[in-house]
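Trainee: Before I work with this model at the bench, could we go through its features one at a time? I would like the general idea each time, and then the case at hand.

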Amino acid sequence: MTRRQGPETARDGRKTGYLAADWVTEGSLIPVKQGMVGTALLNRFKVGVITTITEDIKRVSAVDLVATIEGSIIEDCAAALDQFFFDAEAATAHVRPAGMMNGATTQVSAGASIEQINTDLKWLLQQMLTIRARKPVLILHPLTLAALSMVTTTGTGVYAFKADIAAGKLAGLPFITSDLADPIQIIAMDADSVFIGLDLPEFDASSEAMLVMGDDPEADEGTVQTRSLFQTWTSAVRFIQPVSWGTTRAGAVVAITGVDY
C-alpha cells in the first residue's frame, strides 16, 4: 500500500506539496518535481478462538445455541481487535502488527482548565496540520467527551465545547468515541494514512477433534488436560479472523496523555 507524502518548503519559505505547481513566465521552463510516497506492508496475521458446547446443552436449548455463541464471539473479538489496534505493543514477527500507539508522538496534557484544554486540542490540530493530514480524526473515550461537554468558560457559565460537540467536532476535527479507548488519552489520527486489511471471518465446527484445554495452548501444551470431543459428546466452534494494519508515514498517529478533564 502506498500514499503520497509531503510537504516540502517552497523558495519563499511557504509549505507546499512535493508536486505543487509554481509560477512560470512566458517561454520559461516548467519545473520538474518528484513526489514521494509512503509504503505500508500488510502481512497476513490472524486472531482466533475456540469454544465448546456439550450436546446435552445444545439439544435442550430453546434457541439456536451455535448462532448465539458465534454472535458472542464476533462481538468479543471486535472489542479485542479495537484494543489491539490502539495499544502500544511492538510488532511480533508472524504473530501480530504493532499497535497504533507504538512509537507514536505523545504529549502530556497541559491541565484541566479551559485554557489548558485548548492548548491540548491546539497541539493535536498542529500535529495534523504539520503532516497535512487529509482525513484527520480525534478518538476519545465517551467519559472524556462528556467531561468536555460540561466545561464552562471562566466567569460566564457558558459551555465552551457544547456547540462544537453537537456539530461532531473538536478544534475543527471530527471525533469518534469508543468505550475501549483509554479514558486518559485523546488520539489524533490521519485516517488517510492508516490501512486495515480485514478478511471475512471464518467459523468451523467439529465433534471429533482433540483439544488442548487452555487459553494459551502453546504454553499449556503438555501441562493441561486434553479433551476428546467425540468421547465427551461435545462440539467445538472455531473462529478465525485474518487481519492486519499499518501506517504509510510517521506522525500519522499522535496523542495527548494524562488527560484529567
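Mentor: Let us begin with charged side chains, keeping in mind that this is a predicted model. The structure holds 7 salt bridges, and a few of them can be taken in turn.

Trainee: With which residue does E55 form a salt bridge within helix 1, and how far apart are the closest N and O atoms?

Mentor: E55 has K58 as a partner, with 3.8 Å between the closest N and O atoms, and a further salt bridge joins E55 to R59, where the closest N and O atoms are 3.4 Å apart. Taken together, E55, K58 and R59 are linked in a network of salt bridges.

Trainee: Why can one residue of a helix reach partners three or four places along?

Mentor: The general idea is that an α-helix has 3.6 residues a turn, so residues three or four places apart point the same way. In this structure E55 belongs to helix 1, which covers residues 55-60; K58 lies 3 residues from E55 in that helix, and the two are therefore separated by about one helical turn. R59 lies 4 residues from E55 in helix 1, which again means a separation of about one helical turn.

Trainee: Are the members of this network buried or exposed?

Mentor: Here the cut-offs matter, because buried means under 20% relative accessible area and exposed means over 50%, with partly exposed in between. E55 has a relative accessible area of 10% and is therefore buried, K58 is partly exposed at 32%, and R59, at 59%, counts as exposed.

Trainee: Which residues does E55 contact beyond its neighbours within four places in sequence?

Mentor: Once those neighbours are set aside, E55 is in contact with W233, T234 and S235. As another case of a salt bridge, consider D87 and R96, whose side chains meet at 3.0 Å, N to O; both D87 and R96 are buried.

Trainee: Let us turn to aromatic rings. How many aromatic pairs does a search of the whole structure find?

Mentor: The search finds 3 aromatic pairs, and the way to read each one is to take the distance between ring centres together with the angle between ring planes. For F85 and F86 the centres are 4.8 Å apart and the planes stand at 85°, so this pair is edge-to-face. F85 is buried, with a relative accessible area of 10%, whereas F86 is partly exposed at 21%.

Trainee: How does the pair of F203 and F239 read by the same approach?

Mentor: The ring centres of F203 and F239 are 5.1 Å apart and their planes are at 50°, so the pair is tilted. This pair links distant parts of the chain, since F203 sits in strand 12 (residues 202-206) and F239 in strand 15 (residues 234-247), 36 residues apart. F203 is partly exposed, with a relative accessible area of 25%, while F239, at 3%, counts as buried.

Trainee: Which residues form an aromatic cluster?

Mentor: F85, F86 and W245 form one aromatic cluster.

Trainee: Next, which residues of helix 4 are buried?

Mentor: In helix 4, residues 142-149, the buried residues are T144, L145, A147 and L148. They span an arc of only 160° around the axis, which means that they lie on the same side of helix 4. These buried residues pack against helix 3 (114-130) and helix 5 (162-166), and also against strand 7 (136-140), strand 8 (169-170), strand 9 (173-177) and strand 10 (185-190).

Trainee: In what order do the strands of the open sheet run?

Mentor: Reading a sheet begins with the order of its strands and then turns to its edges. Here 6 strands form an open sheet in the order 6-16-10-7-9-8, with mixed pairing. Strand 6 (105-108) and strand 8 are the edge strands, each pairing on one side only. Within the sheet, strand 7 and strand 9 run parallel and are joined by 3 bridges, and L140 stands opposite T177 in strand 9.

Trainee: Which strands does helix 3 lie across?

Mentor: Helix 3 lies across strand 6, strand 7, strand 9, strand 10 and strand 16 (253-257), and helix 3 runs at about 170° to strand 16.

Technical notes:
Residues are numbered from 1 along each chain as its sequence is written. This is a predicted model: local features need pLDDT of at least 70, side-chain atom pairs count only at pLDDT 80 or more; totals for chains, interfaces and linings use all residues. Side-chain values use heavy atoms; hydrogens and water are left out. Buried means under 20% relative accessible area, exposed over 50%, partly exposed in between (1.4 Å probe, protein chains only). The arc is that of the directions from the helix axis to the C-beta atoms. Contact means heavy atoms within 4.5 Å. Rings of Phe, Tyr and Trp (its six-membered ring) pair if their centres lie within 6.5 Å; planes under 30 degrees apart count as stacked, over 60 as edge-to-face and the rest as tilted. A salt bridge is a side-chain nitrogen of Lys or Arg within 4 Å of a carboxyl oxygen of Asp or Glu. Two strands pair if DSSP finds at least two bridges between them. Axes are lines fitted to C-alpha atoms, for helices over the stretch in contact, and angles run from 0 to 180 degrees between N-to-C directions.
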